[in-house]
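Good morning, everyone. Please have the sequence and the model open while I talk.

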Amino acid sequence: MAAAAKKTRGRQKIAMQRIVNNDDRMVTFSKRRSGLYKKANELATLCGADVALLIFSQAGRACSFGSPSIEPVAHRFLDRPGPPLPRFEEAQRRAKINELCQRHDEVVEQVDALKARQGDLRKVMTWRKARLDWWEIPVGEMNRDQLRVSEFLFGEVAAALDEKVKENNYNNNNNFGSSSSAGSGANPGGAGGSI
């Protein structure tokens, strides 16, 4: 038995150059930014370090991460001592930051899942627009959404065929009944008429 062919290309090295496609660039920025937030949070949690991360997007929006917050770390970096934070307030800020990071990660995962589903639905719509012979696509190559669409379309075909068969049976029964009664009235004996 032959081994099944790989369906994906797996992890590949990405060339370090600007991404040309604007949508791909925005998705990559979002994913890499959340990865940086995770790493900065891990560094602050594991080592007890004060961390500040400031990123400006292509659109000019500032994105920041700070542990305990960005202000005291920035003041320390700029040699301007900021107001000292009481331990309770610092712990409260850390807890809030951790909660927000976790919620952010969940939202990013949901967005990625919705974008993947949107891509699948676009493929299905492309099939329908191109009027491909959808019944000829191998079932093994279909994803869940494509299988659902095919199931729906097969259901429509089956219902249309069923209706057509019922209609033909009705017409055949009516035609057979009218022709046999006309024939039997004209020639009841089955052999010739009068001599």
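How many helices and strands does the protein have? Four helices and two strands. Before going further, note that this is a predicted model. Starting at the N terminus, the order of the elements is α-β-β-α-α-α.

Some overall values next. The protein has 195 residues, and 15% of them count as buried. The accessible surface of the protein is about 16200 Å², and carbon and sulfur atoms account for 57% of that. As for contacts between residues at least 6 apart in sequence, 39% of them join residues at least 24 apart.

Now the core. Which residues make up the largest nonpolar core? There are 10 residues in all: Tyr-37, Ala-40, Ala-44, Val-51, Leu-53, Ile-55, Cys-63, Phe-65, Ile-97 and Cys-101. Two or more residues of this core are given by each of α1 (22-47), β1 (51-56), β2 (62-67) and α3 (87-130). Take Ala-44, one of the core residues. Setting aside neighbours within four places in sequence, Ala-44 is in contact with Ala-49, Val-51, Ser-67 and Arg-94. Of these partners, Val-51 is itself listed in the core.

Please find Ser-34 next, which sits in helix α1. Is Ser-34 buried or exposed? Ser-34 has a relative accessible area of 7%, so Ser-34 is buried, the limit being under 20%. What does Ser-34 touch, apart from neighbours within four places in sequence? The contacts are with His-104, Asp-105 and Val-108.

On to the largest pocket. The space in the largest pocket is about 1000 Å³. It is lined by 29 residues, and those closest to the centre of the pocket are Asp-23, Met-26, Val-27, Thr-28 and Ser-30. The elements giving two or more residues to this lining are α1 and α3. Helix α1 supplies the largest share of the lining, with 13 residues. By residue kind, the lining divides into 11 nonpolar, eight polar and 10 charged.

Two more residues before I stop. Where is Gln-58 found? Gln-58 is in the loop between β1 and β2. The relative accessibility of Gln-58 is 54%, and because exposed means over 50%, Gln-58 counts as exposed. Leaving out neighbours within four places in sequence, Gln-58 is still in contact with Arg-18, Asn-22 and Arg-25. There is also a distance to look at here: Gln-58 and Phe-29 are 29 residues apart along the chain, and their C-alpha atoms are separated by 9.1 Å.

The other residue is Glu-89, in helix α3. Why does Glu-89 count as partly exposed? Its relative accessible area is 30%, which lies between the 20% limit for buried and the 50% limit for exposed, so Glu-89 is partly exposed. Glu-89 and Pro-68 are 21 residues apart in sequence, and from C-alpha to C-alpha they are 9.5 Å apart in space.

To recap, helix α1 gives two or more residues to the largest nonpolar core, and the largest share of the lining of the largest pocket comes from α1 as well. Helix α3 also gives two or more residues to that core and two or more to that lining.

Terms used: Residues numbered from 1 in each chain as written. Predicted model: local features only at pLDDT ≥ 70, side-chain atom pairs only at ≥ 80, totals over all residues. Heavy atoms only, no water. Core = buried A, V, L, I, M, F, W, Y, C linked by side-chain atoms within 4.5 Å. Buried < 20%, exposed > 50% of the residue type's maximum accessible area, 1.4 Å probe, protein only. Contact = heavy atoms within 4.5 Å. Areas by Shrake-Rupley, 256 points an atom, 1.4 Å probe, with all protein chains shown as cover. 1 Å grid on protein atoms, 1.4 Å probe; cavity = no way out; pocket = protein on both sides within 12 Å on 5 of 7 lines; lining within 4 Å. Points joined across faces, edges and corners; volume = space filled by probe spheres on them. Nonpolar A, V, L, I, M, F, W, Y, C, P; charged D, E, K, R; others polar.
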